[in-house]
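Got your viewer open and a hand on the mouse? Let's walk through this chain one selection at a time.

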Amino acid sequence: MSGSFDYQLTELGGLSPARLDDPDTLSAVLVAAAASIGLSADSPPIVRGGVLGHAAALVSVDGHIVLHTTPRAGTCLVDIVVRKPATTARGLEVIARRLARD
């Protein structure tokens, strides 16, 4: 039996520390990634800062995108879940491109 959702959990590395540490950038990245996979947001993205980085989330009835950043290491854990037939691939590409180093 196949599932109703497509999901992706990936750790990206070699990213821009400045972008990973900027709440406005993280919010914009979430909105762009959601749009790229057809995920409509039920509310604005939520970004919370901590000692080592940020957690940012965009939640929808049809899935979610969550980022956990570690700016000093240039890494981001990306969790994407979307209701099929949509897929996560394009969202991951958008996130990687927008958080990449210059």
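**Stop one: Thr25.** Select Thr25 to begin; with a relative accessible area of 22%, Thr25 counts as partly exposed, because that category runs from 20% to 50%. Keep in mind as you look around that this is a predicted model. Thr25 is part of helix α2. Which residues does Thr25 touch, if you skip those up to four places away in sequence? Show Arg19 and Leu99, and you have them. Now draw a distance from Thr25 to Gly63: these two are 38 residues apart along the chain, and their C-alpha atoms are separated by 21 Å.

**Stop two: the whole chain.** Zoom out and switch to a cartoon view. How many helices and strands does the chain have? The tally is three helices and five strands. Follow the ribbon from the N terminus and you'll pass the elements in the order β-α-α-β-β-β-β-α. The radius of gyration is 13 Å, close to the 13 Å that the globule rule gives for 102 residues, so the chain is as compact as a globular protein of that length. Turn the C-alpha trace along its principal axes and you'll find that the trace spans about 40 × 25 × 20 Å.

Try a contact view next. Of the contacts in the chain with a separation of 6 or more, 60% are between residues 24 or more positions apart.

**Stop three: the surface.** Turn on the surface. The chain exposes about 5,700 Å², and carbon and sulfur atoms supply 56% of that area. Colour by charge and you can pick out 9 positive and 10 negative side chains. The centres of those two sets lie 3 Å apart. As for what is hidden, buried residues make up 38% of the 102 residues.

**Stop four: the core.** Hide the surface again and look inside. In soluble globular proteins, nonpolar side chains tend to be buried together. Here, the largest nonpolar core has 24 residues. Select Ile65, Leu67, Val78, Ile95 and Leu99, which are the residues with the most contacts inside this core. Which elements give two or more residues to the core? Colour α2 (23-37), β3 (54-60), β4 (63-70), β5 (75-83) and α3 (89-99) to see them. The helix α2 gives the most, with seven residues.

**Stop five: Ile65 and Ile95.** Click on Ile65 and show its contacts, leaving aside neighbours within four places in sequence. Among them are Leu30, Ala33, Ala34 and Ile37, along with Ala56, Leu58, Ile80 and Ile95. Asp79 is on that contact list for Ile65 too.

Hop across to Ile95, which is in helix α3. Is Ile95 buried or exposed? Its relative accessibility is 0%, so Ile95 counts as buried. With the neighbours within four places set aside again, Ile95 is in contact with Leu12, Val29, Ala33, Ile65, Leu67, Val78 and Ile80. For a distance to draw, pick Gln8: Ile95 and Gln8 are 87 residues apart along the chain, with their C-alpha atoms separated by 12 Å.

**Stop six: the cis bond.** Find Pro85 in the loop between β5 and α3. Most residues other than glycine have a negative phi, and most peptide bonds are trans. The bond that joins Lys84 and Pro85 is cis, with omega about 20°.

**Stop seven: Ser4.** Now select Ser4, in the segment before β1 (5-12). Ser4 is partly exposed, with a relative accessible area of 47%. Beyond the neighbours within four places in sequence, Ser4 is in contact with Val82, Arg83 and Lys84. Draw a line from Ser4 to Arg97 as well: the pair is 93 residues apart in sequence and 27 Å apart in space, C-alpha to C-alpha.

**Last stop: Arg101.** Where is Arg101? Look in the segment after α3. Once neighbours within four places are left out, Arg101 is in contact with Gly14, Leu15, Ser16, Pro17 and Arg19. To finish, join Arg101 to Val82, which is 19 residues away in sequence and 27 Å away in space, C-alpha to C-alpha.

Notes. Residues are numbered from 1 along each chain as its sequence is written. This is a predicted model: local features need pLDDT of at least 70, side-chain atom pairs count only at pLDDT 80 or more; totals for chains, interfaces and linings use all residues. Side-chain values use heavy atoms; hydrogens and water are left out. Helices (H or I, at least four residues) and strands (E, at least two) are DSSP runs, numbered from the N terminus. The radius of gyration is taken over C-alpha atoms; the globule rule is 2.2 Å times the number of residues to the power 0.38. Buried means under 20% relative accessible area, exposed over 50%, partly exposed in between (1.4 Å probe, protein chains only). Contact means heavy atoms within 4.5 Å. Accessible areas come from the Shrake-Rupley method with a 1.4 Å probe; for residues, only the protein chains shown count as cover. Lys and Arg count as positive and Asp and Glu as negative; His and the chain ends are not counted. The place of a charge is taken as NZ of Lys, CZ of Arg, CG of Asp or CD of Glu. A nonpolar core is a set of buried Ala, Val, Leu, Ile, Met, Phe, Trp, Tyr and Cys residues joined through side-chain atoms within 4.5 Å.
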